[in-house]
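Q: Please give me a close look at the salt bridges in this one. Go pair by pair, and tell me how buried or exposed the partners are.

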Amino acid sequence: MYIKNTETAAGAPARNKAKTMAALGIMAAAGTVMMVLGTVISINTLFFTAAAAFLTGIAVVTYGVGYGTVYLFVCGALDFLVNPNKLHVFLYLAMAGYLLLAEGTYRGMKKFPDGRKKEWLHRGIRLALFAALYLPVLIYLSRLFVSEQIRESKWFFPVMLPAGLLAWLVYDLAYSAVKKIFHERFGKLFGAQYNQEG
């Protein structure tokens, strides 16, 4: 289920800008730590990168698409500067960019009546977005999370292509769960002004 926030006509939540920037700064610091951990503990690259990417979606839900977009690029820049593996930033941008686009397109569907039809339509959009980002990651960045020996195996791409669908389902469900937990436990702390739909 996707969550919408209460925004002003300008598109930004009605809250103090200084507080918003401070909250985003805390989230960016946490996200950067997780991205570096994903490189240092290579077996958990996808786990930590996904956790960092979740914060981008939460930033969009909590503070709006504009702030979420800035947050994405700030975290990408921090990852590039701090992370010893410079290729990792592209993996982060793909995973976080998916959530930014997913949340952004949902907010662009305001004219659609709420219900299952809207939810299924948006699932189709999210799947298309994931596929568009997953294929380049699989072709060019898979060395970040699998060994070269596995990557060169004949079965790698035939197995990983359909596995991407399962990965999307797990990633999407995990994000929805984390977003809900964040809203329930930390919403007031971060001054969130949103409610759950559906």
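A: A salt bridge here is a side-chain nitrogen of Lys or Arg within 4 Å of a carboxyl oxygen of Asp or Glu. This is a predicted model, so local features need pLDDT of at least 70 and side-chain atom pairs pLDDT 80 or more, while totals for chains, interfaces and linings use all residues. Residues are numbered from 1 along each chain as its sequence is written, and side-chain values use heavy atoms, with hydrogens and water left out.

The structure holds six salt bridges. Let's start with E119. This residue pairs with R123, N to O at 3.6 Å. Both sit in helix 5 (residues 116–140; a helix is a DSSP run of H or I, at least four residues, numbered from the N terminus), four residues apart, or about one turn. E119 is buried (under 20% relative accessible area; exposed is over 50%, partly exposed in between, 1.4 Å probe, protein chains only) because its relative accessibility is 10%. R123, at 28%, counts as partly exposed.

E119 has another partner: R126, whose closest N to O approach to E119 is 3.7 Å. Here both R126 and E119 are buried. Shared partners then link E119, R123, R126 and D172 into one salt-bridge network.

Now for K118, whose side chain meets that of D114 at 3.1 Å, N to O. The two ends of this pair sit in contrasting surroundings: K118 is buried, at 6% relative accessible area, whereas D114 is exposed, at 55%.

Technical notes. Helices (H or I, at least four residues) and strands (E, at least two) are DSSP runs, numbered from the N terminus.
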